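Work through the exercises below with the sequence and coordinates open. Each task is followed by a worked solution in steps.

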Amino acid sequence: MKSLSLPGQPSKRGRGSLRAAPGLFGWAGLALLLVVPVGLFLVTAFSPRLFDQGSAWFSLGSFGSAIQSGVLRGILDSILVGSLTAVVAVAIALFLAWWVARTNLVGRGLWSFLIWAVLLSPSYLVALGWEQVLVSHGAFWDLGLRLPWLTSLFFGPVGVTFVYITKGVPFAFLAVAPALAGIGREYEDAARIHGAGRLRAWRTLLPMLAPAIWAGLALVFAETISDFGVADTLAASSKFPLATFTLFNSIDNFPVHFPVAAAVGWFLVGAVGLALLLQARAIRGRVYAVLSGRTRSPVRIRLSRSGQLLGLGFAMGFFGLALGAPMLGALTSSLLRPGSAHLAGAAVSTIYYRQLLHSGALIAPLEFSARMAAIVATIVAVLAVAMAHYLTRRQAGVSARILDLLLLATIALPGIVLGAGYIFAYNLPLINRLGIHLYGTSLLLGMAYLAGALPTTTRILVGPLAQVDQSPVQAARVLGAGPLRALAAVVFPMVARSCLWAWLLTFTGVLFELPVSQMLYPPGQFPLSVAITTALATYVYGPGTAMIVVAIAFALAVVGVALVGFRWLAPRGWRNLAVAQR
Amino acid sequence: MAATRVNPRQGRIVALILTAGVVALGALLATPARLVGAKSQDVPLVVYSAQGYDKNTVAAFQKATGIPTEIVDDSTGPLLARIAAEASNPQWGLLWVDGDEAFAALDRQGTLLKHFEPKVNWTAAAKKVIPADKSYIPTGFTLACALIYNSAVVSTPPSSWSQLTGAEWRGALGMNNPSVSGPTYPCVAGVLQHAGSVSAGERYFEQLKANGLVIHDVNGDTLNALQSGQIKLAMIQSSAAIGAAEDSSLKVAFLNPETLLPSVIGIDSKVSRQERLEAERFAEYVLSRPGQHQMQVGDPHGDSLYWPVLRGVNPLPALPQFAAVPYQVLNAYSWGPREAALNNWFTNNIVS
């Protein structure tokens with residue numbers, strides 16, 4: 001692999017304090033956003049007294065309570081489900097990405113778009129949708145498909161893993177698709193010239209994707225073990241306890257036991273530490289810089305009729321499973337007349353949609369969350385590129401590895417940990433006495449959103465950025481461009497589409513974010529997710545599900561406008577270079 | 001020259017961070033809403049509430065008294081988690097949710113203002129719920145475990161708890177999972193209390209399970225199962241049951257005894273004197289006729305379907321007379337601390 005590109009740029013080790021300043025500034029920012037809040041939360045496992053969560057200054061009792069409440073079983077279940085999910089999701093994502101990025105498969109634009117639809121359907125909605133379809137007397141039952149074996153299979157580890165796989169594929173896809181599309185034609189050509197068949201050429205390409213594949217595996221694993229939406233619904237009703245369910249049980253039941261939750265948090269961080277260790281061993285010391293200004297667009301393989309049918313069958317099968325059930329669930333609930341349980345013609349009504357638009361219950365929360373999401377996404381799109389770039393440089397040392405662990409550990413911890421950690425850190429009497437009143441403001445909520453989104457987005461960008469070759473940057477610098485110019489003229493075009501995807505991912509993520517919103521939202525300003533869940537908590541599903549349908553339609557519209565806008569507005573060169581091609 | 005002086009990567013990162021800073025600043029300036037906590041002269045009353053009628057009641061209170069009032073409206077679980085996380089520096093002034101178990105626990109922690117009781121004409125049931133140290137007050141009653149049944153398939157609903165384990169109701173009864181649905185714990189605790197002991201109550205639930213008890217996560221799922229014919233009857237909170245029965249073939253019945261589920265107000269003991277006075281005025285307002293009116297119009301098909309705690313105030317017409325309901329009161333101080341353990345037992349032994 002080392003012969004594939006020039007080595008990274010030579011490092012100039014600066015000794016002056018001015019040179020260290022930007023790095024220090026970045027670490028200080030990360031400390032305020034991530035390290036301090038998450039660290040303080042985790043510390044309560046040892047020292048409950050620190051934040052008035054108990055009487056002992058130092059105690060290991062919370063670990064004992066966590067083990068008693070079944071955390072070991074939960075963490076084992078989570079690790080097994082997380083590993084299986086990661087492997088299968090990455091495999092599915094590779095197939096999808098290959099068809100979308102490398103072949104002339106019909107409907108490539110639609111499949112890329114639907115990936116986003118899967119990504120932004122909340123996991124609890126997917127789980128509930130399937131429950132409604134498969135439960136006895138559910139939608140399948142109404143259609144005459146009475147399959148009790150399928151129902152009992154679904155309400156257990158198989159169903160839980162299945163839902164996680166459908167939710168994990170988009171994360172894996174976003175990690176591997178840009179990489180697959182970005183590997184220039186020259187490598188494939190070289191392989192073919194030397195007599196390799198199509199399959200053999202594939203085998204040449206696959207190792208080049210290693211950073212993206214590993215990034216995808218680690219990301220899906222961390223996202224899966226930190227999920228609560230499925231853990232609290234399908235897994236809980238299937239008597240299949242996952243670690244996050246144990247964590248939430250200690251917070252959701254009164255009295256609230258944050259120290260026990262923190263102890264469970266340590267187990268989750270430990271699991272991610274193991275995953276990261278594996279990843280580090282797998283790609284240590286190799287170079288994957290294959291994307292440069294000379295990169296030529298790969299030739300799309302012209303699929304035969306049977307190839308098209310196979311690809312279409314795969315894509316339609318996956319999206320049908322991933323989106324069909326939850327959409328059917330949400331649409332039927334939101335379109336039913338009050339008091340009816342079946343989707344028969346006579347019972348269909350748009351009453352909930354009319355009520356929703358009339359009451360304005362959705363407009364203010366949607367506006368608030370959309371504004372927060374846009375601000376946070378803009379900042380994340382910039383910072384995540386910078387951090388991913390930092391993580392993927394060749395000279396990445398201990399600091400990059402610490403950063404990597406920090407990011408993945410944060411992904412592995414459920415959102416409520418971040419929410420509670422922010423309250424611990426920024427609601428300290430000491431902070432208030434300094435005249436800083438951040439808790440209960442949109443600013444703190446925005447910071448927490450930023451902290452929650454930055455790790456996932458950065459990790460997704462690590463794949464594509466590992467492939468950016470430094471030689472064009474060096475060429476630009478040799479020709480007299482300053483660092484900013486080199487960044488704007490050389491690096492940015494190569495990662496522009498990744499930035500756009502990072503923006504969209506963060507935007508949709510923040511728009512629907514629940515646990516941090518619940519803990520930190522400013523009095524009187526209701527985020528979208530809080531408005532939806534309080535509406536869903538009432539006995540009628542209709543208004544809540546109508547809100548979900550409208551909100552998802554809004555998010556999809558934003559995604560559509562952004563993708564179409566990029567296609568029309570971005571300079572042609574950017575699109576040619578853009579690492580994630582349709 | 002620049003390349004020899006400044007590490008280009010660091011320069012890039014600085015540039016990116018600066019750009020992000022400019023965007024953040026721009027957004028900050030462009031956002032008119034409350035962004036940073038400017039402490040004004042007026043101390044606003046901060047209400048944490050999970051009631052369906054809270055927003056209109058808070059607005060009406062603010063209009064009537066001129067006291068600036070802010071509301072954090074959410075489900076009970078997240079609100080209590082938020083209060084617990086704020087323990088070292090509480091930001092809430094008043095908590096208003098269903099169920100007094102959490103209030104008993106907060107009282108034990110010394111979190112609630114004691115010895116405050118509005119001078120109102122309480123009903124007999126309300127007097128049974130107010131704790132000796134007056135650390136919280138009831139504002140209305142629902143029942144934790146009302147029986148809702150499909151009248152199309154059930155002509156005579158059961159009238160006692162023991163009938164539910166009979167062959168007639170095999171596979172026909174549903175309820176929520178108390179680990180997921182907040183108001184279901186008082187229902188479970190009520191059944192245990194009526195059974196005479198925790199172990200006797202647990203045996204009763206095991207009998208229900210053997211008789212095909214169907215557990216769903218929350219009310220919506222359970223009601224859906226009832227309407228789709230998967231089950232014939234279900235135990236859910238009375239306000240949800242009566243609301244669901246308003247325009248369908250569903251009907252509501254009461255077993256003997258039903259467990260009272262009070263909606264409760266508690267005031268933070270650490271608030272400033274001014275906010276404490278504001279919170280007390282809020283509690284008094286809620287228990288006044290205008291306040292009761294707001295509670296009854298805010299969520300007419302849900303939480304507004306409660307029985308008043310005040311003599312002389314009638315419930316909404318959809319509710320039967322309270323005198324006709326056989327009820328029992330749970331001791332919040334003894335049942336509250338068992339919530340986590342019992343929910344855990346329920347999940348492990350009854351949910352399947």
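**Exercise 1. Find the residue of β8(B) that stands opposite B:L147, and describe the sheet around it.**

Step 1. B:L147 stands opposite B:M235 in β8(B). Strands here are DSSP E runs of at least two residues, helices are H or I runs of at least four, and both are numbered from the N terminus. The model is predicted: local features need pLDDT of at least 70, side-chain atom pairs count only at pLDDT 80 or more, and totals for chains, interfaces and linings use all residues. Residues are numbered from 1 along each chain as its sequence is written, while chains are lettered from A and ligands numbered from 1 in the order in which they are written.

Step 2. β5(B) and β8(B) run antiparallel and are joined by 4 bridges. Two strands count as paired if DSSP finds at least two bridges between them.

Step 3. The open sheet has 5 strands in the order β7-β6-β8-β5-β9 (chain B), with mixed pairing. Its edges are β7 (214-216) and β9 of chain B, each of which pairs on one side only. On average, neighbouring strands of this sheet are turned by 25 degrees against each other, direction ignored.

**Exercise 2. Determine how many residues of helix α10 (residues 238-245) of chain B are buried, and what they pack against.**

Step 1. Apply the burial criterion: a residue is buried if 20 or more other C-beta atoms lie within 10 Å of its own, exposed if 12 or fewer, and partly exposed in between, with C-beta atoms placed from the backbone.

Step 2. B:S238, B:S239, B:A240, B:A241, B:I242, B:G243, B:A244 and B:A245 are buried. That is 8 of the 8 residues of α10(B), so the helix is largely enclosed by the rest of the structure.

Step 3. The buried residues of α10(B) pack against β4 (136-143), β5 (146-150), α9 (219-228), β8 (233-236) and β9 (250-253) of chain B. A contact requires C-beta atoms, placed from the backbone, within 7 Å.

Step 4. α10(B) lies across β5, β8 and β9 of chain B and runs at about 145 degrees to β9(B). Axes are lines fitted to C-alpha atoms, for helices over the stretch in contact, and angles run from 0 to 180 degrees between N-to-C directions.

**Exercise 3. Describe the two domains of chain B and the contact between them.**

Step 1. The domain assignment, which is automatic or from a database, gives domain 1 (45-141 + 262-319) and domain 2 (146-259 + 338-349) of chain B.

Step 2. Taken over C-alpha atoms, the centres of domain 1 and domain 2 of chain B are 27 Å apart.

Step 3. In chain B, 13 residues of domain 1 touch 9 residues of domain 2. The domain 1 side of this contact has 4 nonpolar, 6 polar and 3 charged residues. For this count Ala, Val, Leu, Ile, Met, Phe, Trp, Tyr, Cys and Pro are nonpolar, Asp, Glu, Lys and Arg are charged, and the others, Gly among them, are polar.

**Exercise 4. Characterise the packing of α11 and α18 in chain A, then decide whether A:P211 is buried or exposed.**

Step 1. Helix α11 (residues 210-226) and helix α18 (residues 398-412) of chain A pack at an angle of about 35 degrees, with axes 7 Å apart.

Step 2. A:A218, A:A222, A:E223, A:I225 and A:S226 of α11(A) meet A:L408, A:I411 and A:A412 of α18(A). By class, this contact has 6 nonpolar, 1 polar and 1 charged residues.

Step 3. A:P211 is also placed in α11 of chain A. Because A:P211 has 24 C-beta neighbours inside 10 Å, it counts as buried.

**Exercise 5. Summarise the make-up of each chain and the confidence of the model.**

Step 1. Chain A has 27 helices and 0 strands, and chain B has 14 helices and 11 strands. Of the 582 residues of chain A, 56% are buried; in chain B, buried residues make up 52% of 352.

Step 2. Take pLDDT, the predictor's confidence in each residue, from 0 to 100. Chain A has a mean of 77, with 82% of its residues at 70 or more. Chain B averages 86, and 88% of its residues score at least 70.

Step 3. Within chain A, confidence is lowest in helix α27 (residues 572-577), at a mean of 62, and highest in helix α3 (residues 71-102), at 90.

Step 4. For the complex, the predictor gives an ipTM of 0.74 and a pTM of 0.79.
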